[in-house]
There are 2 protein chains.
Amino acid sequence: MPPFERGAASVLPIETTPASVVRFTDAQIDMAHGAGGKATRRLVEGLFLPLFGSSGDVLTDAVALDVDGARIAMTADSFVVRPLTFPGGSIGELAVNGTVNDLAVSGAKPIALLASFVIEAGLSRETLEREARAMADAAARAGVRIAGGDTKVVEHGKADGLYITTAGIGRSDPRVSCGASSVRPGDRVLLSGPIGDHGITVLLARGDVDLSSELRSDTRSVWPLVAAVIDQAAAGVRWMRDPTRGGVATALNELARDIGMSVAIFEEAVPVRDPVRGACELLGLDPLHIANEGQFLAVVAREYADLALAALRTTPGGEQAAIVGEIREQPRGGVLSVAPYGAARIVDMLVGDPLPRIC
Amino acid sequence: MPPFERGAASVLPIETTPASVVRFTDAQIDMAHGAGGKATRRLVEGLFLPLFGSSGDVLTDAVALDVDGARIAMTADSFVVRPLTFPGGSIGELAVNGTVNDLAVSGAKPIALLASFVIEAGLSRETLEREARAMADAAARAGVRIAGGDTKVVEHGKADGLYITTAGIGRSDPRVSCGASSVRPGDRVLLSGPIGDHGITVLLARGDVDLSSELRSDTRSVWPLVAAVIDQAAAGVRWMRDPTRGGVATALNELARDIGMSVAIFEEAVPVRDPVRGACELLGLDPLHIANEGQFLAVVAREYADLALAALRTTPGGEQAAIVGEIREQPRGGVLSVAPYGAARIVDMLVGDPLPRIC
């Protein structure tokens, strides 16, 4: 866990120790508490985990359950992206892919989704139908069934068109046993492709920034890429995560904290498209903090790293995968960007919410 | 299904035939589309079912899945009740009990929940903590774990304090095989207790109506009652449903339509507390249309009806259970209220939305 941590729905280990002391003392909830960074972590670890009885020392993207011998993963996520559509995707497509990806990076093949809608009265049929079609199409591409759900309507002005919550269930691949506790010094950090496309695309789609580009959201199911890694290097897979809200930096900081070791990032190896790099420079943002909706990080044992990388690169959509870092013993709990000539900078988690409601 | 039908999250059969013709033609979404009655059904059957590929001829409250031999039920529901608290309950408690109950009436013992929050920026910590505690307490009472979830925050004015979506997973009881297709003429309709408490309580809590009463929401887990019926009369259980949005009338109309037979209600046998009856008379509402959050309907084979009733009445909270109707062959697809002296009136589904956002 924490289950409520990231853009991803998240998880609890099945056996947990209640820790009922609520330590969350912020006076009110602000946008930053939903941004997936430090404030979200404070809320989840300080309020939800103590009350819901989990120890909070494990972070994953889906709950693992054993039901009558079947190994099941389950996850849930709410989507409140603004605007509802943007180049390369829309809220409906995100709602399917986001939940599919949470299952995928927990090593579970997605099976079925439930979709629950909160609709603002006055939403046009065209918009709802367009998003339902986007969901159906995304589900078909991802090979999952949308098996049920719920519809609620709130008064005009009490929502922002449409919020969608998806819950997903998957079958955990028996060949994979990953989690922060499996990570060892020397393990390699793999990244499936270029970062920041989604966050910057949504930012530009809002029109608040006077920039235009051909950038498109990277929203997609990462299951084919995850499956390729599992097929070729299952025994070496130690940890996986889709770096959504808070980006790669936040995901790796959470990992570093959970393992009590360091993650070194080879920043020059991290694929970033020019428009993302340009927008980040103009806006003072770090691509490592920008949300992704179609990428994942994998920590793989050193001896399996080349196999896993080859598996990614030979799978459609994984051509730009790269080894972008490694696990080191020191400094404990942090992420360091390591330059080729030995200079290093600390890469922190996302603080505040520079890009609200990107998923 | 339809999966999106009622206050309950709902369901799809595992094998479905796509019917891709969208027949929903309403120009926009209105409050009535979220009320659980005719408009909701039109939306679900006309838009979601065709696009999501289900046949729409089965209505249940949870999706049934077979994963590696394990029989699993899964459900999801969004909660947008206004106000957030009311006598006898609150949104957090509803969010747990509502999903627990959808599993229960599908014959599945609830195991775990995921909770996904959409929070309006500016919500006080006190409110969020109060609702998280209400969820933790309700989960403890219901014997389920809140195992994970998600947190999103939207700008002030873009939600109504707090919306909560819960997804639940349960283990289907192997002794039960219920569904509309199992229902036969002569089967009895059982009701677990008095109706309308929840809907009228929430209505009065809004202060729009100049009435006061000691009424409290009936929100609770119905699993102990369902389990008692299963333990004593599993072989006779044909169909179960929690009559939330749209009330008993809507649930039974859906049943009547699905089975192509008639449901006769013995209205004088339906338990209704005096304050509910009084409020309904004043407001021109039918108690049969008022939402419940702690009751369920069961259709039970005639020869098991007394056993099932005794099981309910001897379980705490089921003392006022009653046999309130029976299945008849004619008239097809409708619900009739049958008076002791032979008079009858047609009881329709809920039309419009007299009580918006009661769950």
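**View 1. Two domains make up the division of chain A.** In this predicted model, domain 1 of chain A covers residues 61–172 and domain 2 of chain A covers residues 176–347. Taken over C-alpha atoms, the centres of the two domains are 23 Å apart.

**View 2. Domain 1 of chain A meets domain 2 of chain A, and area is buried between them.** Here 23 residues of domain 1 are in contact with 23 residues of domain 2. Together the two domains bury about 1,800 Å², and carbon and sulfur atoms contribute 59% of that area. Look out for Pro87(A), Asn101(A) and Val105(A): on the domain 1 side, these residues lose the most area to domain 2. Their combined share is 27% of what the domain 1 side buries.

**View 3. Polar contacts link domain 1 of chain A to domain 2 of chain A.** Six residue pairs are in polar contact across this interface, with both residues at pLDDT 80 or more. If you are hunting for salt bridges between the two domains, the rule finds zero.

**View 4. Helix α2(A) gives the largest share of the domain 1 side that touches domain 2.** Eight residues of this side come from α2(A). The elements giving two or more residues to the domain 1 side are α2 (91–104) and β5 (108–120) of chain A.

**View 5. The domain 1 side that touches domain 2 of chain A holds nonpolar, polar and charged residues.** Sorted by type, its residues comprise 11 nonpolar, six polar and six charged.

Note on methods:
Residues are numbered from 1 along each chain as its sequence is written. Chains are lettered from A and ligands numbered from 1 in the order in which they are written. This is a predicted model: local features need pLDDT of at least 70, side-chain atom pairs count only at pLDDT 80 or more; totals for chains, interfaces and linings use all residues. Side-chain values use heavy atoms; hydrogens and water are left out. Domain bounds come from an automatic or database domain assignment. Contact means heavy atoms within 4.5 Å. Buried area is the accessible area (1.4 Å probe) that two parts lose on being put together, summed over both. A salt bridge is a side-chain nitrogen of Lys or Arg within 4 Å of a carboxyl oxygen of Asp or Glu. A polar contact is a pair of N or O atoms within 3.5 Å; within protein, one must be able to donate a hydrogen and the other to accept it, and residues adjacent in sequence count only if both atoms are side-chain atoms. Helices (H or I, at least four residues) and strands (E, at least two) are DSSP runs, numbered from the N terminus. Ala, Val, Leu, Ile, Met, Phe, Trp, Tyr, Cys and Pro count as nonpolar, Asp, Glu, Lys and Arg as charged, and the others, Gly among them, as polar.
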